[in-house]
Amino acid sequence: MSSALLHSLLDDAGQTSGPDWLKQVRVEARTRLLERGLPAARNEAWKYTPLRALESRRLRRVAAASQPVDVDPGLYTLAGVGSPRLVFVDGTLRPDLSDVSSVHGLAIESLGTALERDAQSLRASLGRSFDADAQVFARLNSALPSDGAVIRVAAGVKVEPLLHLVMLGSAGAADAYWQLRNVIELGEGSALRLIEHHAGGQGCSHLGNVVNQYSLHAGARLDLLQLQAAPDSVRLIRRSDAVLDADAHLEMRCVEAGAQWMRHDLAVALQGDRARLVSRGVFVLNGRQHADTRIDVSHQARDTACDLVWRGVADQRARGVFHGAITVCAGADGADALLSNKNLLLSDQAEIDTQPVLEIHADEVKAAHGATVGQLDEKALFYLRSRGIDEAAARSLLTLAFCRIAFDSITNEALHGQLDALLLERLPRAESAADTAQVTG
Amino acid sequence: MLKIENLHVRVGGREILKGLSLEAKAGEVHAIMGPNGAGKSTLGNVLAGREGYEVTEGSVEYDRTNLLELEPEERAAAGVFLAFQYPVEIPGVNNTYFLRSALNAQRKRRGEAELDSVQFLKRVREKLAVLHLKDELLHRAVNEGFSGGEKKRNEIFQMALLEPKLAVLDETDSGLDIDALKMVADGVNAMRDPSRAFIVITHYQRLLDYIVPDFVHVLADGRIVESGDKTLALKLEEHGYAWVAQRTVAGAG
Ligand SMILES: Nc1ncnc2c1ncn2[C@@H]1O[C@H](COP(=O)(O)OP(=O)(O)OP(=O)(O)O)[C@@H](O)[C@H]1O
Ligand SMILES: [Mg+2]
């Protein structure tokens with residue numbers, strides 16, 4: 001299928017730099033893309049997020065401006081979160097907005113710098129080919145030269161400060177395309193806390209395409225908060241691929257509270273014995289927002305565990321999609337897999353599709369999964385109102401409570417409060433609810 | 001303060017209250033007893049403004065206003081409080097947060113100054129002491145994982161904190177051990193006041209030894225079929241509701 005979108009981005013690939021193997025990767029990805037196009041509606045992975053409208057659009061890559069655009073730091077400042085901070089605007093690192101004061105055992109570079117210094121160490125990550133047509137945007141990401149963050153933690157080092165990685169598009173970049181490729185590697189027994197933060201000012205309508213690749217070596221632990229609070233006018237596609245070695249632990253929180261149209265593919269491979277994934281997530285949608293989260297966990301070793309609890313809220317004419325697939329491969333005996341997905345519809349016209357999928361090819365596996373779509377509990381609503389809380393505030397309070405499970409374990413109170421506020425803002429009739437939140441502060 | 005006249009209420013397509021009349025003046029305590037399914041909780045729910053209760057006939061006047069026209073939160077601010085027979089668990093909503101939101105929402109609606117957290121906590125401490133409730137319950141989610149007795153005491157604690165003018169207690173004594181029963185009674189008695197009225201729904205005369213009512217009513221089949229003073233409760237205990245039914249039939253005939 002020929003695609004205006006792909007041609008507009010790929011025809012003028014321009015000069016590309018980097019080692020030969022990387023150029024080769026790009027050429028192959030490009031060839032494949034032009035041959036195969038975007039997946040058709042019948043592609044199972046894109047069934048609920050049709051690409052027809054996007055396909056016909058002509059986009060243009062944002063070039064690194066000679067004069068960097070002004071960005072208000074207020075757009076991405078988070079309570080309780082300081083440096084180190086790395087800020088990318090329209091797919092380009094902005095050293096003037098970043099602060100990566102040196103932290104023992106933590107190396108932070110832009111992808112460009114890292115490639116110049118030691119390209120070979122990135123070969124495994126950047127050389128990854130995305131074979132399935134469903135992974136078309138990761139393939140597109142591979143076909144084009146990219147900036148991004150390369151974050152590495154040395155073996156045994158437990159990084160104390162919370163790292164803030166900001167990705168945003170600049171206002172006014174209509175029909176713009178930008179992309180990022182982030183590579184995050186945790187050495188044996190190391191630990192890192194990271195916030196990936198999508199933000200931006202109102203008025204931009206770009207398409208952002210982000211690929212994150214995490215590798216956690218034996219015994220490493222990554223605490224990751226993906227906070228997607230992009231303006232409601234943008235399109236955002238993310239792919240997060242994590243590979244966990246033995247005893248590694250990925251603790252992940254996803255808060256989807258922005259973008260007009262967004263797709264997130266989260267693929268986690270539990271490759272080493274006792275590797276463990278804990279994933280909490282929520283999307284809160286209104287207007288005509290569309291959000292599609294697709295999780296794919298594969299248990300490939302013994303006694304691996306995953307624990308996924310996701311919530312979704314859709315109001316007005318919003319559309320949410322949750323697909324949670326857990327595969328326990330042959331030989332991955334003793335796996336423990338749990339998936340729970342509950343959703344709330346706040347309006348008759350909102351829609352949420354949820355599909356939990358469990359596939360087990362091993363023995364002694366403990367697995368449970370469940371998914372529901374429903375409305376607010378009328379009994380609880382009446383209870384709150386009977387005590388004097390007005391209906392709109394009561395609804396917001398209950399809805400927020402429903403969402404909180406996604407980030408309740410965050411102990412940074414300031415950050416927790418800001419996440420509360422961020423979600424409240426997106427809930428119906430937030431004003432009175434915000435009052436309620438304030439008086440209880 | 002409260003005047004219910006010939007109230008007819010349908011729930012789920014069935015008529016549950018069938019011409020109920022009751023008047024309660026400020027300063028009075030009314031006990032309502034009656035068999036299971038008679039409509040006692042229905043009455044409490046209608047007074048608190050729960051949806052799905054269709055008033056087909058009759059009126060409820062409270063403080064010289066038509067209570068039935070008010071939203072539940074307006075009734076709360078006007079001083080109506082219902083202690084639920086089955087308090088609702090609300091995961092994810094912190095008990096203190098909830099109480100302060102409720103109190104301040106009511107105060108705001110009444111045009112009173114909202115309490116800051118210091119003032120609020122001072123008030124909480126005072127009321128907790130009366131009910132011997134553990135502090136720890138305040139930090140949990142509303143009623144979540146509370147024992148049956150803790151839930152009931154939490155209702156009375158909320159009442160103490162919100163200081164309503166008309167409190168309807170729906171079987172607050174059910175499931176309480178004897179010590180908790182006394183605490184609940186102490187909590188209610190401490191609030192008895194010439195400006196306040198109570199409607200106490202119960203199945204057990206025992207509660208009325210501690211909260212001595214001015215009037216006792218029997219609610220059966222959607223109506224008040226018998227009213228008297230506190231000795232009526234003792235007679236009921238002795239003879240059961242069949243006795244009332246017989247008397248009613250006899251009276252009608
Ligand atoms: N939503 C409903 N739909 C249909 N019937 C209902 C509904 N709610 C209550 N009822 C019925 O109304 C009747 C009165 O119920 P209510 O709860 O008021 O009784 P009660 O006097 O409080 O009883 P108990 O002593 O057992 O608490 C019962 O027969 C009950 O089944
Ligand atoms: Mg009842």
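**Close-up views of chain B and its interface with chain A**

**View 1. The area buried between chain B and chain A is about 2,400 Å², with carbon and sulfur atoms giving 60% of it.** In this predicted model, 36 residues of chain B are in contact with 23 residues of chain A.

**View 2. Polar and charged pairs link chain B to chain A, with eleven residue pairs in polar contact, both residues being at pLDDT 80 or more.** On the side of chain B that touches chain A, the elements giving two or more residues are α1 (40-48), α2 (72-77), β6, β7 (90-94), α3 (95-109) and α6 of chain B. The largest share of that side comes from α3(B), which gives ten residues, and by class the side holds 19 nonpolar, eight polar and nine charged residues. Four salt bridges are found across the interface of chain B and chain A; B:Glu71 forms a salt bridge with A:Arg385, in which the closest N and O atoms are 2.6 Å apart.

**View 3. An open sheet of six strands in chain B follows the order β6-β9-β10-β3-β11-β12, with mixed pairing.** Its edge strands, β6 (80-83) and β12 (223-228) of chain B, each pair on one side only, and neighbouring strands of the sheet are turned by 20° against each other on average, direction ignored. Strand β3 (residues 29-33) of chain B runs parallel to strand β11 (residues 215-220) of chain B and is joined to it by four bridges; B:Ile32 has B:His217 as its bridge partner in β11(B).

**View 4. Helix α6 (residues 148-162) of chain B lies across β6, β9 (166-170) and β10 (197-201) of chain B.** The helix α6(B) runs at about 165° to β6(B).

Note on methods: Residues numbered from 1 in each chain as written. Chains lettered and ligands numbered in written order. Predicted model: local features only at pLDDT ≥ 70, side-chain atom pairs only at ≥ 80, totals over all residues. Heavy atoms only, no water. Pairing = 2+ DSSP bridges. Axes fitted to C-alpha atoms, helices over the stretch in contact; angles between N-to-C directions. Contact = heavy atoms within 4.5 Å. Buried area = accessible area lost by both parts, 1.4 Å probe. Salt bridge = Lys/Arg side-chain N within 4 Å of Asp/Glu carboxyl O. Polar contact = N/O pair within 3.5 Å; in protein donor to acceptor, adjacent residues only side chain to side chain. Nonpolar A, V, L, I, M, F, W, Y, C, P; charged D, E, K, R; others polar.
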